[in-house]
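Me: I am new to this structure and should be grateful for a close look at one part of it. The part I have in mind is an aromatic residue and its surroundings.

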Amino acid sequence: MIKAYYENSKGEVLWLTRAPFRTIDADWFDSTWEETGDGYEKVITLDVFGKREEFTQNMETLYRIISVDAETGNYGRLYVNDTFLPCQIYKTKKTGWKGYVYTEVELTFLAPELSWITVLEKRFFPQKEITADSGLDFACDFPFDFMNEKRGTAEFEVDHIIPSDFEMVIYGPCVNPKVLMNGYPYEVLTTLEKNEYLIINSSEQTIMKYLSNGTIANLFDVRGYDYSVFEKIPSGLISVNWSGDFGIDLYVFLKRKEAAW
C-alpha cells in the first residue's frame, strides 16, 4: 500500500491516502532526466468527501495546509513511501462537484529540482581511548588478547548509483575537527566547546557553528582549503576515520528521479 502525504514548511501534514483525502490519480512515479530551469510539475487528484459540515471543514483544512508555502514562498515536502520531494502547491482545480458532499481536487506541485530524496542517517559517538586493559585479557596463558576495534573508525554502505549531498553535524568539545571518508578529509579549523556544534551542508555549501550562548557563526572562511569540505559522499562501502574525541551525525541525501515504490 502506498503511503503519501504533504508536509508544509510549518510541519502541518495533509495525508493523501487517508479519508477524507484519497488520491485517485498521481504522476509521482513518472520520471525524466531532461533538465529545465522552469521547475518540474507533479499533479495529484484527490477525492474529498463528507457530510455538509464535515465537507466544508475538510475543504478548509485542505486550503489551510496547502496555502502556507505558496503564500510564504517556502517549500514543503511531498512524501511517497520512504522518499520526499521538496516542492510547493501552486495551483488547485475542483471538478465533479456534488453539492457539499463530494468533489475532486487536482493539486499541482512545483519542484525546483526533480529529486526524490531518501535520507541515510548514520551516528558516530565519541569513543574512549583504547588501552590494553579495555580488551579481553584471558587469565590463562594465551599468546594474545582480543583488543577492541581501533578508536575512531567505522564503516557503512551507501547503496546508490551516484555521489550524494550530505549534512554533517560535529559536536564539541574538540579542536579543528577532521573526518576522513575513504581517506578524503572534511576539516574545519575551529574550536567547539561543550554544548556547541557545527553543521556542514554540501548542497547549500555552508558551514554554520551553533554556540552555547545561542549565537550562530559562519565558518565558511575557516574550512579546510586543500580539499573541499563540500565534496559529495561516494557510493559503495565508506570507511570513516576521526580522532574519536567528538560525535558525528551524518545525513546522506540519496536522490532519484521518481518516488520509491
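Is phenylalanine 124 buried or exposed, and at what relative accessibility? Please explain the reasoning, and then place this residue among the other features of the model.

Reply: The model is a predicted one. Phenylalanine 124 has a relative accessibility of 8%. Buried means under 20% relative accessible area, and phenylalanine 124 is therefore counted as buried at its 8%.

The ring of phenylalanine 124 has a partner. Phenylalanine 124 and tryptophan 242 form an aromatic pair, with 5.8 Å from centre to centre and 55° between the planes, and the pair is tilted. The two residues belong to distant parts of the chain, 118 residues apart. Phenylalanine 124 lies in strand S9, which covers residues 116–124. Tryptophan 242, by contrast, lies in the loop between strand S19 (236–241) and strand S20 (247–256). The partner is also buried, since the relative accessible area of tryptophan 242 is 7%.

This pair can be set beside others. The whole structure contains 15 aromatic pairs. One of them joins tryptophan 28 and phenylalanine 29; their ring centres are 6.4 Å apart and their planes meet at 85°, so this pair is edge-to-face. Both tryptophan 28 and phenylalanine 29 are buried.

Ring pairs also build a cluster, which links Tyr5, Trp15, Tyr79 and Phe84. Two of its rings have a charged neighbour. Arginine 18 places its charged end over the ring of tryptophan 15, at 3.6 Å from the ring centre. Over the face of phenylalanine 84 lies arginine 77, 3.9 Å from the centre of that ring.

Burial may also be considered for a strand. Strand S5 spans residues 40–49, and seven of its 10 residues are buried, so the strand is largely enclosed by the rest of the structure. Two strands pair with S5. Strand S4 (residues 21–26) pairs with S5 in the antiparallel sense over five bridges, and here arginine 22 has aspartate 47 in S5 as its bridge partner. Strand S8 (residues 102–111) also pairs with S5 in the antiparallel sense, over 10 bridges. In this second pairing, alanine 111 in S8 stands opposite tyrosine 40.

The backbone has features of its own in several loops. Alanine 19 and proline 20 are joined by a cis peptide bond with omega of about 10°. Proline 20 belongs to the loop between strand S3 (17–18) and S4, the strand that pairs with S5. A further cis peptide bond runs from glycine 172 to proline 173, with omega near 5°. Proline 173 is in the loop between strand S11 (165–171) and strand S12 (174–175).

Beyond S12, in the loop that leads to strand S13 (178–181), is asparagine 176. Asparagine 176 is not a glycine, yet its phi is positive, at about 50°. Asparagine 176 is partly exposed, because its relative accessibility is 35%. Glutamine 205 likewise has a positive phi without being a glycine, in this case about 55°. The location of glutamine 205 is the loop between strand S16 (197–201) and strand S17 (206–210). With a relative accessible area of 45%, glutamine 205 is partly exposed.

To return to the original request, phenylalanine 124 is buried at 8% relative accessibility, and its ring forms a tilted pair with that of tryptophan 242.

Notes: Residues numbered from 1 in each chain as written. Predicted model: local features only at pLDDT ≥ 70, side-chain atom pairs only at ≥ 80, totals over all residues. Heavy atoms only, no water. Phe/Tyr/Trp six-rings, centres within 6.5 Å; stacked < 30°, edge-to-face > 60°. Buried < 20%, exposed > 50% of the residue type's maximum accessible area, 1.4 Å probe, protein only. Helix = DSSP H or I, 4+ residues; strand = E, 2+ residues; numbered from the N terminus. Lys NZ or Arg CZ within 6 Å of the ring centre and 35° of its normal. Pairing = 2+ DSSP bridges.
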